[in-house]
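Here are my notes on the structure, set out as numbered points. They follow the sheets, the helices packed on them, the contacts between parts and a few backbone details.

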Amino acid sequence: MLSNAESAMLAEKAKEIRKLSLRMFKEIGKGHVGGAMSIADLLSVLYFKELNINPADPKWADRDRVVLSKGHAGPALYAALALRGYFPEEMCLTLNQPGTMLPSHCDMKRTPGIDMTAGSLAQGFSASIGLALAGKLDAKDYYIYSIIGDGESQEGQIWEAAMLAGNRKLSNLIAFCDNNKMQIDGTTNDVNSIEPIADKWAAFKWNVINCDGHDVNAISEAIAAAKACKDKPSMIILDTVKGKGLPFAEGLVSSHSMNVGADELEAGLAALN
Amino acid sequence: MEFQKDARELRKVYCESLIEAAKKDDRICIVEADLMGANGTKGFAAAFPERTFDVGIAESNMICVAAGLAASGKLPFANSFTPFATRRCFDQVAISVCYTGLNVRICGTDPGISAQLNGGTHMSLEDMAIMRTLPGLTIYEPVDETQLVAAFPQILAHEGPMYIRLFRSNCENVFGNVENYEFKLGKADVLKDGADVAIFCSGLMVTRSLQAAEALAAKGISAAVINVHTLKPLDEECVLKYAEKCGAVVTAENHSVVGALGSAVAEVLAEKCPAVLRRIGVKDIFGEVGKLGYLEKRFGMTSDDIAAAAEDAIAAKK
């Protein structure tokens, strides 16, 4: 259980992640707003409570690893990394500018704190299995946190990786499905439904936990439950809203990639404040 | 010209070299997709079961799992048949292995027409072509046991991703006869000097090229035979030196003539030293089922075909 103070702090950090992400999008004029906003609360819990990391030593061998397999939400992760001290907040405003260290999709060669390159969907999740296998082989006690999207779950490779992780009982792997129920061409149910999600993961021998993806208390408890499971990888299915927190984006399919100008910045900051 | 067969199958050489290296280097592991028997890596699995990751029939996952292991400091060797280790999972190789620059070794077995009775579906005639487009990927195709043994320390020491194209069975031995052979990744091996035509060859086609050179010599034609074991980075200096010297060039590869050795040499010649070029390999058609003897005739890849191409190139010289 989080204390009231912790809970309030994490909710505040989630707001900061959203605000900084929004400023980043405004600076370049557009971006993957919807899927960044839907994971802001998760990133807050990870970076300001759960992760055993050292921003001064991003490649510390015993650190927890984070793989954002839905790599297009990179800007939200960059905001979290900056707020956690991996690099200055001003650097965030270089998002997608020429020569930037912060490209749309996560790149481990460019950005301090990025543990795996991702963006070609399902590959990051699959690489997470390799990270988890290496952790087990080396008898390390760090965790691999891997974040996929509901739309991304249409990729066959997700299930290749899921099958292996389940059979290998990779309990050091805690995955999240950002179930914001939308993808580029429409709602996930209309395009190619992945329901029943929980049953699928359970059938692949995972410990499945359903959770409100915008409630930092619920996310924190879900992670505790995942850590308590010692013989399976865990999949935490986050019930989320695409574009969460921004009135011009929330619940809209078009928020996947949208223009962000001065009006959107103002409206967004006003709503978040 | 006759060649002795290697004492060991090349896949056995590969596996035994891996086992020896793994005894001293605990980073080394293998990632498999249900072809350990064919790839000859069961010995490694028996020696190091905890460092063997068979993901089942899922090559995309195999490549990305290998990338994850490499990102954790391991030195994974991911093994499958050439078509499944390249074209089946090309995006995974491109992004998770090459874009990241991770230390992954991908080994494709049964290259080109050596897939024989598995037929056209398993006959990779384009793997080198597609892999060559990936920045930072080193591409190596051993010729025989002697060369692979000589190359192994460099395969291990290399920083960055590598694709190894491995003939499975006993090769005809070439490098056992080379005195004081020193292998250098990225440096072509001149097996026979010559002045009238230069034959750049790889893998299976090296012995056939040497036989062609012998036949040409009987006609008074001096042919150089150069093994380009490292397709990428290409030894451009060597290509240019012999193109200038001979003015006529033949490439011979167990692959489509589109995109790999023939194309790589053509690019260098076109930009830096125009010379007459003839390419031996599969002529932009798909493979088919058959034994090696049939397939090399079917696709115009015999020593006679190489010799004829050499004479044709010489005749076309200005």
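Which residue of S11(B) stands opposite B:Ile199? The partner of B:Ile199 is B:Val250 in S11(B); the points below begin with the sheet that holds this pair, and it should be kept in mind throughout that the model is predicted.

1. The pair just named belongs to strand S8 (residues 197-201) and strand S11 (residues 248-256) of chain B, which are joined by four bridges and pair in the parallel sense. Both strands are part of an open sheet of five strands in chain B, whose order is S7-S9-S8-S11-S12 and whose pairing is mixed. Strand S7 (189-192) and strand S12 (276-282) of chain B form the edges, each of them pairing on one side only. On average, and with direction ignored, neighbouring strands of this sheet are turned by 25° against each other.

2. Two helices of chain B lie across this sheet. Helix H10 (residues 236-246) of chain B covers S8, strand S9 (223-227) and S11 of chain B, and runs at about 155° to S8(B). Helix H13 (residues 303-316) of chain B lies across S8, S9, S11 and S12 of chain B, with a direction at about 160° to S12(B).

3. Chain A also has an open sheet of five strands, but here the order is S2-S3-S4-S8-S7 and the pairing is parallel. Its edges are strand S2 (65-68) and strand S7 (207-212) of chain A, each pairing on one side only. Neighbouring strands of this sheet are turned against each other by 20° on average, direction ignored. At one end of the order, S7(A) runs parallel to strand S8 (residues 234-239) of chain A and is joined to that strand by six bridges; within S8(A), the residue opposite A:Asn210 is A:Ile237.

4. The sheet of chain A is likewise crossed by a helix. Helix H10 (residues 216-228) of chain A lies across strand S4 (173-179), S7 and S8 of chain A, and its direction is at about 170° to that of S7(A).

5. For the helix pairing in chain A, helix H6 (residues 123-137) and helix H7 (residues 156-167) of chain A have axes that come within 8 Å and cross at roughly 20°. H6(A) is therefore roughly parallel to H7(A), and the crossing of the two helices is left-handed. On the side of H6(A), the contact involves A:Gln123, A:Phe125, A:Ser126, A:Ile129 and A:Ala132, which meet residues of H7(A) including A:Ile158, A:Ala161 and A:Leu164. By class, the residues of this contact divide into seven nonpolar, three polar and one charged.

6. Between the chains, 20 residues of chain A are in contact with 23 residues of chain B. On the side of chain B that touches chain A, helix H4 (59-71) and helix H6 (90-99) of chain B each supply at least two residues, and H4(B) gives the most, with nine residues. This side of chain B has 11 nonpolar, eight polar and four charged residues.

7. Chain B is divided into domain 1 (10-166) and domain 2 (186-316), and the C-alpha centres of these two domains of chain B lie 26 Å apart. Their contact takes 24 residues from domain 1 of chain B and 27 residues from domain 2 of chain B. Helix H7 (127-132) and strand S5 (138-140) of chain B are the elements that give two or more residues to the side of domain 1 that touches domain 2. That side of domain 1 of chain B has 13 nonpolar, seven polar and four charged residues.

8. Some backbone details deserve a separate look. Most residues other than glycine have a negative phi, and most peptide bonds are trans. A cis peptide bond, with omega about -5°, joins A:Glu195 and A:Pro196, and A:Pro196 is in the loop between helix H8 (188-192) and helix H9 (197-203) of chain A. In chain B, B:Lys232 and B:Pro233 are also joined by a cis peptide bond, with omega about -5°; B:Pro233 lies in the loop between strand S10 (230-232) and H10 of chain B. Finally, A:Ala122 is not a glycine and yet has a positive phi of about 85°, and this residue lies in the loop between helix H5 (89-92) and H6 of chain A.

How values were computed
Residues numbered from 1 in each chain as written. Chains lettered and ligands numbered in written order. Predicted model: local features only at pLDDT ≥ 70, side-chain atom pairs only at ≥ 80, totals over all residues. Pairing = 2+ DSSP bridges. Axes fitted to C-alpha atoms, helices over the stretch in contact; angles between N-to-C directions. Contact = placed C-beta atoms within 7 Å. Parallel < 35°, antiparallel > 145°, perpendicular 65-115°, else oblique. Left-handed = near helix turned anticlockwise from the far one by under 90°. Nonpolar A, V, L, I, M, F, W, Y, C, P; charged D, E, K, R; others polar. Domains from an automatic or database assignment.
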